[in-house]
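Student: I've got a model open and I'd like to learn how to read it. Can we go through it together?

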Amino acid sequence: MTTRPRTDRRAPQHGDRRRSALLAALDELLRDNGGQLDTVNIAEISRRAGLTRSAFYFYFENKAAAVAAALEQTYEEVFAVNDILVGGGPPAERIERTIRALIEFWDRNRHLYSAVLAARSASPGVRDLWESDRQAFIPSIAAMIESERAAGRAPAGGDAAALADVLLLLNERLLERLTFDAGLDRERYLESVVTVWLRSIYGTDPDPVAPPTTRNDR
C-alpha cells in the first residue's frame with residue numbers, strides 16, 4: 001500500500017500546510033459531532049482551516065475523498081498491528097493481541113471510521129479505495145498461513161489468500177458492529193473473533209490464552 005493517500009486530486013508536497021490544515025479541520029469537526037459526515041460541509045471545513053472552498057477542491061473531489069484520506073493518514077498504526085499478527089510467538093497470543101490492538105486503533109479513530117463507513121456507501125471511489133486497502137494486507141497474512149502449514153503447525157487447507165481475505169472481512173465486520181452498536185459487549189465478540197481466526201488457520205486452539213476478564217469475573 002502506498003503511504004500517500006490516493007484520494008487526493010494532487011500529490012501533496014512535503015510540508016504542504018494547506019492540505020494538512022484541511023484534514024486537521026475535518027478531523028476536529030468529526031470529533032465534535034461523533035463522526036456524522038452528513039452534518040459537516042465543505043465550507044465549514046475550509047473556514048476552520050482558514051482556507052477557501054477552492055483550496056479544498058484543489059486536493060479533494062468531495063467530502064468522501066477527504067475523510068478517506070484522513071483515515072489513511074492513520075494506517076501506519078494498522079501496519080504495526082499487522083506486524084504483530086505475522087510476527088513470532090504463540091498463535092493464540094499473536095492473534096488475540098492483534099484483534100485487541102485493532103479495536104484500540106478503532107477506539108482512537110472511531111469518528112473517522114464512522115464517517116468513512118458513510119462515505120463508502122455513497123462513493124464508488126471510496127469503496128474502491130477501501131477494497132484496495134484491505135487487499136494490501138492479504139499477501140503478508142497469506143504468507144504467514146502458508147508458513148504455518150509448511151512447518152506443520154497448521155493443517156493443509158484451501159487457498160491461503162482467500163482465507164486471509166475472509167478473516168480480514170470478519171475484522172471489518174467486528175469494527176462496523178462496534179461503530180453502530182454502542183452497547184455491544186466487545187470482550188465477548190473479541191474472544192469469538194480470535195476463536196474463528198485460530199480455528200480457521202489451525203483447526204483448533206493450539207495454545208489457548210486465558211479468556212479476557214469480564215464484568216462477572218471481577
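Student: In what order do the elements run from the N terminus on?

Tutor: This is a predicted model, and in it the elements run α-α-α-α-α-α-α-α-α-α from the N terminus. That comes to 10 helices and 0 strands.

Student: What share of the 218 residues is buried?

Tutor: Buried residues account for 44% of them. Sequence separation is worth a look too: take the contacts between residues at least 6 apart in sequence, and 69% of those join residues at least 24 apart.

Student: Which residues have the most contacts inside the largest nonpolar core?

Tutor: That core has 66 residues, and the ones with the most contacts inside it are Phe60, Val67, Ile99, Ile141, Trp197 and Ile201. Helix α8, residues 124–150, gives the most to this core, with 9 residues. For a close-up, click on Val67: leaving aside residues up to four places away in sequence, Val67 touches Leu26, Leu30, Leu37, Leu112, Ala115, Val116 and Ala119.

Student: Now a single helix. Which residues of α2 are buried?

Tutor: In α2, which spans residues 42–49, the buried ones are Ile42, Ile45, Ser46 and Ala49. They sit on the same side of α2, because the arc they cover around the axis is only 95°.

Student: What covers those buried residues of α2?

Tutor: The cover includes α1, α3 (53–59) and α4 (63–72).

Student: And what should I look for at the two ends of α2?

Tutor: At the start, check Asn41: one of its side-chain oxygens comes to within 3.2 Å of the backbone nitrogen of Ala43. After α2 comes Gly50, with a positive phi near 75°.

Student: Where does Asp16 lie?

Tutor: Asp16 is in the segment before α1, the helix of residues 17–33.

Student: Is Asp16 buried or exposed, and which side chain of opposite charge is nearest?

Tutor: Asp16 is buried, and the nearest side chain of opposite charge is Arg18, 4.9 Å away. A salt bridge needs a distance within 4 Å, so Asp16 has none.

Student: What does the side chain of Asp16 reach, then?

Tutor: For a charged residue without a salt bridge, look for polar partners next. The Asp16 side chain reaches the backbone nitrogen of Arg18 at 3.2 Å. The side chains of Asp16 and Tyr59 are also joined, by a polar contact of 2.7 Å. So Arg18 figures twice here: its side chain is 4.9 Å away, while its backbone nitrogen is reached at 3.2 Å.

Methods: Residues numbered from 1 in each chain as written. Predicted model: local features only at pLDDT ≥ 70, side-chain atom pairs only at ≥ 80, totals over all residues. Heavy atoms only, no water. Helix = DSSP H or I, 4+ residues; strand = E, 2+ residues; numbered from the N terminus. Buried < 20%, exposed > 50% of the residue type's maximum accessible area, 1.4 Å probe, protein only. Lys, Arg positive; Asp, Glu negative; His and termini not counted. Polar contact = N/O pair within 3.5 Å; in protein donor to acceptor, adjacent residues only side chain to side chain. Core = buried A, V, L, I, M, F, W, Y, C linked by side-chain atoms within 4.5 Å. Contact = heavy atoms within 4.5 Å. Arc of directions from axis to C-beta.
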